[in-house]
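Work through the exercises below with the model open beside you. Try each task before reading its solution.

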Amino acid sequence: MRPQTLDHYLGQDHLLAPDKPLRRALDSGQLHSMIFWGPPGVGKTTLAQLIAQLCDAHFISISAVLAGVKDIRAAVDDAKQQQFFQRRTILFIDEVHRFNKSQQDAFLPFVEDGTIIFVGATTENPSFEINNALLSRARVYQLNPLSDAAIVDIVSHAAGCEGWQLAPDQIERIARHADGDGRRALNVLEIAGDMLGRNSSSTELSAEIIDQVLSGQPRRFDKGGDLFYEQISALHKSVRGSSVDGALYWFARMLDGGCEPLYIARRLVRMASEDIGNADPRALRLCLDAWETQERLGSPEGELAMAQAVCYLAAAPKSNAVYTAYNAVRKEIAASPSYDVPMHLRNAPTGMMKEQGFGGGYRYAHDEPDAYAAGESYLPEEIKDRVYYQPVNRGLEKKIAEKLRYLQALDDSASHKRYR
């Protein structure tokens, strides 16, 4: 069922159209090391095999899930033997991101001296998973999920090869269900073919058979992989962008794909602090309640409370003032000396400490007008003028900002000031 030429390879025209650099390099026989990065089922292995075939190269395939340094050495020995016959060798490593650093380092010298042409396949972002030395010696090509039209062609071709009859609307159903994954579509077709029965004279894959195969199968979701982080990123950015519909969509997509609901609950709490903050402090409480509801009721009942929290977060006024202030404080502390606690803020539980000035000059706020010690400072003197938290003019923070301006005016007009 695999395509036999690049012209029959579907879905990656952005790389393999006649005017694209990869296609021109392959047509001219100029092989180079490369990494194919893309979701499952888009044809990474097939493309590597086609390249070897097109360039008349010896092809060695290793799975990083099962192989180790010993297998890499054996492949290198094989490649050296091919050099005697003036033949190049492509070492294809599937799931290359599963190799650790020492395993990736093991074949690096042989990539550099040309003994092997390295072709890696990965579903993970290479900049995170592949060491820099190897990454600098290979070009990264990103493969896209297959379009429904491409999968329709793949399924039609495969069904024809097997002699199965499949109505166009059923082919389109399989394509939509495959969600960009060609291998998933072929698996559905294969299972449907098995359901015909070996002794059946019928070759028609009916709608009833396709219904049975497709029922209960989850959508594509790669827990812990790039797709997982792309979807949680989309959810977070939809909330930040005040798109209720977008946030609800990505929330439901993650659940539909099998994401653990409590993971999303934790992320919602983070969003409530990072992007809503004191503009609407109720958001944080609502997210915690939704988290607790999910823990108590489980799915699907608890998911509705989480959906409620998602909608509330997206519609709530936004402020990252607390998030920004907290990061600024942490950065200042990391870059500054460990300033002493000012004497007036220190505790003085013993007479000796009072004699040494601990707590001296401390002003008890409740004894001051409006319970505010105007002119007082609670920062080390070296950074007495720092202002980290700057509330925005939205939601409750608008009131907070007004209050802080009022207190600042009291400080400015105070007759007694801690630091001059």
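**Exercise 1. Backbone outlier at a proline**

Task: Locate Pro-300 relative to its flanking helices, and state which kind of peptide bond joins it to Ser-299.

Solution.
- Keep in mind that this is a predicted model.
- Start with the place. Pro-300 sits in the loop that runs between α15 (282–297) and α16 (301–315).
- Next, the bond. Ser-299 and Pro-300 are joined by a cis peptide bond, with omega at about 0°.
- For context, most peptide bonds are trans.

**Exercise 2. Two aspartates with unusual phi**

Task: Find where Asp-56 lies and where Asp-370 lies. Then decide for Asp-56 and for Asp-370: buried or exposed?

Solution.
- Background: most residues other than glycine have a negative phi.
- Asp-56 is not a glycine, yet its phi is positive, about 50°. Its place is the loop between α3 (44–54) and β2 (58–63).
- Asp-370 also has a positive phi, near 60°. This residue lies in the loop between α18 (351–355) and α19 (395–413).
- Apply the cut-off: exposed means over 50% relative accessible area.
- Asp-56 has 52%, so it is exposed. Asp-370 has 66% and therefore counts as exposed.

**Exercise 3. The two sides of a helix**

Task: Which residues of helix α11 are buried, and why do they line one face?

Solution.
- Helix α11 covers residues 207–214; its buried residues are Ile-209, Ile-210, Val-213 and Leu-214.
- Look down the axis of α11. The buried residues fall within an arc of 125°, so they line one face of the helix.
- The spacing fits a general rule: an α-helix has 3.6 residues a turn, so residues three or four places apart point the same way.
- Now turn to the face away from the buried side. The exposed residues Glu-208 and Gln-212 are there.
- Finally, find the packing partners. The buried residues of α11 pack against α9 (168–178) and α10 (182–195).

**Exercise 4. Two helix residues and their distances**

Task: Which residues does Tyr-323 contact beyond its neighbours within four places in sequence? How far apart are the C-alpha atoms of Arg-73 and Gly-375?

Solution.
- Tyr-323 belongs to helix α17 (residues 321–335). Its relative accessibility is 30%, so it counts as partly exposed.
- With the neighbours within four places set aside, Tyr-323 is in contact with Arg-270 and Glu-274.
- Along the chain, Tyr-323 and Glu-355 are 32 residues apart; their C-alpha atoms are separated by 41 Å.
- Arg-73 is in helix α4 (residues 69–84). At 58% relative accessibility, Arg-73 counts as exposed.
- Arg-73 and Gly-375 are 302 residues apart along the chain, and 73 Å separates their C-alpha atoms.

**Exercise 5. The whole chain**

Task: Why is the protein chain described as more spread out than a compact globule?

Solution.
- Count the elements: the protein chain has 19 helices and five strands.
- Compare radii. The radius of gyration is 31 Å, while the globule rule gives 22 Å for 420 residues; the chain is therefore more spread out than a compact globule.
- Check the box. Along the principal axes, the C-alpha atoms fill roughly 95 × 55 × 40 Å.
- Check burial and contacts. Buried residues make up 42% of the 420 residues. Among contacts with a separation of 6 or more, 72% link residues 24 or more positions apart.
- Check the surface. The chain exposes about 23,100 Å², with 51% supplied by carbon and sulfur atoms.
- End with charge. There are 47 positive and 55 negative side chains, and the centres of the two sets lie 5 Å apart.

How values were computed
Residues are numbered from 1 along each chain as its sequence is written. This is a predicted model: local features need pLDDT of at least 70, side-chain atom pairs count only at pLDDT 80 or more; totals for chains, interfaces and linings use all residues. Side-chain values use heavy atoms; hydrogens and water are left out. Helices (H or I, at least four residues) and strands (E, at least two) are DSSP runs, numbered from the N terminus. The radius of gyration is taken over C-alpha atoms; the globule rule is 2.2 Å times the number of residues to the power 0.38. Buried means under 20% relative accessible area, exposed over 50%, partly exposed in between (1.4 Å probe, protein chains only). Contact means heavy atoms within 4.5 Å. Accessible areas come from the Shrake-Rupley method with a 1.4 Å probe; for residues, only the protein chains shown count as cover. Lys and Arg count as positive and Asp and Glu as negative; His and the chain ends are not counted. The place of a charge is taken as NZ of Lys, CZ of Arg, CG of Asp or CD of Glu. The arc is that of the directions from the helix axis to the C-beta atoms.
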